[in-house]
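I opened my notebook for another quiet look at a chain. Here is what I looked up, entry by entry.

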Amino acid sequence: MDMKHGISITTRDRLLRAFADSRELVRDYQCYSSEIEDDKRVFDVFKEFAEDEGTHASKLLEILKEYDAK
């Protein structure tokens, strides 16, 4: 547990923040890839990043569900 400015930040709080950030990155990378028309390599990189970040978000959600089940 971390105390900053008198506020307790729990592991679950950090997981929830990371999950939200990860979901936002998925949307960003998907949007970037859909806007790229002139460079297939860049399109593919953003598409790959979206998929990778989706995996991260999925793992974080699994752990969050375990925390909530306790």
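My entries cover the core first and then the charged pairs.

I am working with a predicted model, where local features need pLDDT of at least 70, side-chain atom pairs count only at pLDDT 80 or more, and totals for chains, interfaces and linings use all residues. Residues are numbered from 1 along each chain as its sequence is written, and side-chain values use heavy atoms, with hydrogens and water left out.

Core. I looked up the largest nonpolar core (buried Ala, Val, Leu, Ile, Met, Phe, Trp, Tyr and Cys residues joined through side-chain atoms within 4.5 Å) and found five residues: Leu15, Phe19, Ala57, Leu60 and Leu64. Helix H1 (11-35) and helix H2 (40-69) each give two or more of them, helices being DSSP runs of H or I, at least four residues, numbered from the N terminus. H2 has the largest share, three residues.

Phe19. Beyond its neighbours within four places in sequence, I find Phe19 in contact (heavy atoms within 4.5 Å) with Ala57, Leu60, Leu61 and Leu64.

Salt bridges. I count four, taking a side-chain nitrogen of Lys or Arg within 4 Å of a carboxyl oxygen of Asp or Glu. Arg12 pairs with Asp68 at 2.7 Å between the closest N and O atoms. Arg12 is in helix H1 and Asp68 in helix H2, so this pair ties together parts 56 residues apart in sequence.

Lys40 and Asp44. Their side chains form another salt bridge, 3.0 Å from N to O. They sit four residues apart in helix H2, about one helical turn. I noted Lys40 as exposed at 58% and Asp44 as partly exposed at 31% relative accessibility (buried is under 20% relative accessible area, exposed over 50%, partly exposed in between; 1.4 Å probe, protein chains only).
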